Amino acid sequence: MATDPTTGPSTGVLPRRPGKIVAVHLSYTSRADERGRRPDHPTYFLKPSSSVGVPGGTVERPAGTELLAFEGEIALVIGAPARRVSLEDAWEHVAHVTAADDLGLYDLRTADKGSNLRSKGADGFTPLGPRLLDARTIDPAGLRLRTWVNGELVQDDTSAQMLFPLAQIVADLSQHLTLEPGDVVLTGTPTGSSVVVPGDVVEVEVDAPGSPGAPSTGRLATTVTQGEVPFDAALGAVPAVDATQRAEAWGARGEPGATPSADVPTSGPPSGTALTAALRDKLLRAPVAALSAQLRARGMNDTTVDGVAALHPDRKMVGTARTLRFVPHRPDLFRAHGGGYNAQKRVFDAVGPDEVIVIEARGEAGSGTLGDILALRAQARGAAGIVTDGGVRDVVAVTEVGIPVYCAGAHPAVLGRKHVPWEGDVTVACGGTTVQPGDVLVGDADGVLVIPPAIVEEVADAALAKEDEDAWVADQVAAGHPIEGLFPPTGAWREQFEQWRDARA
């Protein structure tokens, strides 16, 4: 369709300059899973029509910013006024489908508290095209969206995988406002959106492989350039980046070489007990073997984390559990969950003092589940230790960090060989033992023990009392007495022990 010459070149392939551009915040299951939330209903924001960009054009990353992110999207061009239309009739009000790149500057996302005006409203931040597809010939559930950065495919999803069908988005919007001919609706982006830098070329294509002729928009190409004019702080908000914005901007791709930031909120998991200084001191003095015996006496035989060994057998570990769960590797899931600020990094960034990170790796030691950078981060956060029933890479460097670590062995491979970091602060299974956030973990050269918070003080007191008894028995055996009736003490030996104990009280 030819461009209306009265509207100027900025309309590109559009029949007219759009009166408004409405964009959906979150609409693909893959993106929702990446962000860790699934909305019940679509939510929206507006972009100015001056943000429309042309195919083959450029987009400027402003001076003083770093987080310009692309978002390949399916764009709908309204053909007939839509006001309170039904779900069944909504698609009839769509004239065309095309490709869009909903560019955004995360450096300015906090400036307008969710309106996205400054972060997504700049000139050229909505390239559209290069061709319009006739919506009447297309199944709205059969559209495919793909995005490339410098020739590498980074997004590949379909409208069938959207949380909200395209017709529902149109119908819902029409409940609140009139969609007018020429208006553009940006329908959200799947996982894979990430940061681009000057010199990068982003290409977005929408096609309908199942429709007659497999129509395609062709590739919408946009080249990123570097701006030279800085923002003026005397006039208004200027760019500001924190760990949250950086993590969300990079998304599933992950920032190359990035490490977690200290600016991440550190609200912890539910805790079943307060690990007071006095209780911690008791647990530090009680051997794991003695604690295990007391749990066994209470009918709890399944509380040891099996198959792990200490990198520092001479160091005691006491803390409450902060859990992390890995699932078996699957390429599509790793693309959605393995990169960027994933569950693994979030847990290591949020662990608090006297907490132990407990990793469920299913006993799979065929790759690392952490390395020296994460061990350093845990130590810097004041963590009491790390327990994983998987492998550790960079094991010499991890050992040199000094934080107590219990693992199933060393392995040079990275996490993605066997695992997908899935979620944190949930009940996990580590070394055949169930561990809940807030459970108490104690480790020494004998291994790691999990103690339910409700009985931890009782168990600690009983273990220390038994240690005193065993120490007295050992003294008697060392003095030459036979162990019959002495180990454990009964009869006269029991009376002697109790007298000794009471005299020390």
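Reader: How many disulfides does the structure hold, and what makes a pair count as one?

Author: The structure, a predicted model, holds zero disulfides. A disulfide is a pair of cysteine sulfur atoms within 2.5 Å. Chemically, a disulfide is a covalent bond between the sulfur atoms of two cysteines.

Reader: Why is Cys-407 not bonded to Cys-430?

Author: The closest cysteine sulfur to that of Cys-407 belongs to Cys-430, and it lies 11 Å away. The limit is within 2.5 Å. The distance is therefore too far for a bond. Cys-430 is likewise in no disulfide.

Reader: Why do Cys-407 and Cys-430 count as buried or exposed?

Author: Buried means under 20% relative accessible area, exposed over 50%, and partly exposed in between (1.4 Å probe, protein chains only). Cys-407 has 5% relative accessibility, so Cys-407 counts as buried. Cys-430 has 0%, so Cys-430 is buried too.

Reader: What makes β4 and β11 edge strands?

Author: Each pairs on one side only. Strands are DSSP runs of E, at least two residues, numbered from the N terminus. The open sheet runs β4-β14-β13-β10-β11, with mixed pairing. β4 covers 57-61 and β11 covers 152-158. From one strand to the next, the twist averages 20°.

Reader: How do you know that β10 and β13 pair?

Author: Two strands pair if DSSP finds at least two bridges between them. β10 (residues 144-149) and β13 (residues 201-207) have six bridges, in the antiparallel sense. Val-149 stands opposite Val-202 in β13.

Reader: What do the numbering and values rest on?

Author: Residues are numbered from 1 along each chain as its sequence is written, and side-chain values use heavy atoms, leaving out hydrogens and water. Local features need pLDDT of at least 70, side-chain atom pairs count only at pLDDT 80 or more, and totals for chains, interfaces and linings use all residues.

How values were computed
Helix = DSSP H or I, 4+ residues; strand = E, 2+ residues; numbered from the N terminus. Axes fitted to C-alpha atoms, helices over the stretch in contact; angles between N-to-C directions.
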